[in-house]
Amino acid sequence: MQALDVKYMVLPDARSDFPFFRDNQRIYLDSSSTSLKPASVISAITDFYLHAGSNVGRSNHQYAQLSTQLFESSRNKLACFLGCSADEVIFTANCTDSINLLAHALALGKGDHVVVSPLEHHSNLLPWLSRCRVTVARLDQNGCIDLDHLDSLLAADPARLVAVCHASNVTGNVQPVRQICQIARARGALSLLDAAQTVGHIPVNVGQIDCDFLALSGHKMFGPSGIGALYMRRDLQASMHSYRYGGGMVNKVEQGDVSYQSGPGRFEAGTPNIEGAIGLGAAVDYINGLGGQWVQDHDEDLERYFLSQIQSVRNIEIAFPVGPQHLPIFPLVAVGKVDIGFVSRILSDRYDIALSSGYQCNQPLYRNSGINGALRVSMHLYNSREDIDTLVMALTDLQDLLA
Ligand SMILES: Cc1ncc(COP(=O)(O)O)c(C=O)c1O
């Protein structure tokens, strides 16, 4: 009990890192949609505009050199953070873009087979559905991918790729990704992790997980929007098809003779989101500065507290099982037929509580469970037990409406 109180004491510091909360009592419970940005990320972007401001990898003047150095140093920071080499990190626009890049790079056709899980965000479903045959591995009673079923699926019907989320953006359940990647490899399939929800919450080390590809979005890990990354194992890169063609990706072009760069450059044609990448580098610095364990302890404290307090609210339930490893993400459903979009609007207008309502780009999961969307509470390090108290108080006020 004392340990929980100690963690609680630390919280105001994290909140004060985020200018969004300056001089107000806002309650932001929509971090799975996008995280807020600490002051250090905002100033890294402003500083780039003020002091460097130039394109990368193209010109030789001092400002272009500085831009290139800042941009590549962000790639290095992200690579160290993920436990890979800088030449395995391709900058993209977001997690969706990373997955689409991969779908293209693999040159999948109608005859190819990809295995996903029922938990996939549309971003890790539609790129496969639009190209090839997709099958879905079952979940176990904890809401985690059933490893035996995955193995038997792959044994009966070999696949090019197993593409699954590291943690669900609806249920919050963290998946047994190391075992999933092992099973995929043993059955001759490549593995992609959609780590949009986990990076920034729990350690994500591609070497330890042993995945072949990993996709993430900067804006969900305290960075700006418009920047993401795809980790692509180095030895697989040469066999991958380029996604776009244009400036910045070649060594030499002559009539009919093009020599492409090796490494990330081949997949990053055109001027990249330079300020976005620099902001993402600053976000990595911010997370490293907090210490991974602090974030995890804080998440666990919020989860335990939320689970203990939400029980007191009548006419509301958590829509899916909470598994053994879980992020502070909870989809709530009303027992009655009230429009949850309406409830979220009341929470916003009357209590200044921001959360998501609807399907969270995960319609198959909801529809197959007969659930018409949920109010999703998703927390991060700037949230506190007081935020949970206020949410519980507001839902208690509304409990008759939820019946
Ligand atoms: C698990 C998961 N995958 C992919 C995405 C797509 O992220 P983005 O819209 O940043 O590309 C999201 C966004 O919510 C997500 O939660």
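The following exchange concerns the two domains of a predicted model and one residue, T92.

Reader: Which domains does the assignment give for the chain?
Author: The assignment, which is automatic or from a database, gives domain 1 (2-30 + 291-397) and domain 2 (41-289). This is a predicted model, in which local features need pLDDT of at least 70 and side-chain atom pairs count only at pLDDT 80 or more, while totals for chains, interfaces and linings use all residues. Residues are numbered from 1 along each chain as its sequence is written, and side-chain values use heavy atoms, with hydrogens and water left out.

Reader: How many residues does each domain bring to the contact?
Author: Domain 1 brings 32 residues and domain 2 brings 31, where contact means heavy atoms within 4.5 Å.

Reader: And how many salt bridges are there between domain 1 and domain 2?
Author: The count is 0, a salt bridge being a side-chain nitrogen of Lys or Arg within 4 Å of a carboxyl oxygen of Asp or Glu.

Reader: Turning to T92, is this residue buried or exposed?
Author: T92 counts as buried because its relative accessibility is 7%; buried means under 20% relative accessible area, exposed over 50%, and partly exposed in between (1.4 Å probe, protein chains only).

Reader: Which residues does T92 touch?
Author: Not counting residues up to four places away in sequence, T92 touches D97, S98, L101, G226, I227, G228, A229 and L230.

Reader: What lies 3.1 Å from a polar atom of the T92 side chain?
Author: That is the backbone oxygen of N94.

Key. Helices (H or I, at least four residues) and strands (E, at least two) are DSSP runs, numbered from the N terminus. A polar contact is a pair of N or O atoms within 3.5 Å; within protein, one must be able to donate a hydrogen and the other to accept it, and residues adjacent in sequence count only if both atoms are side-chain atoms.
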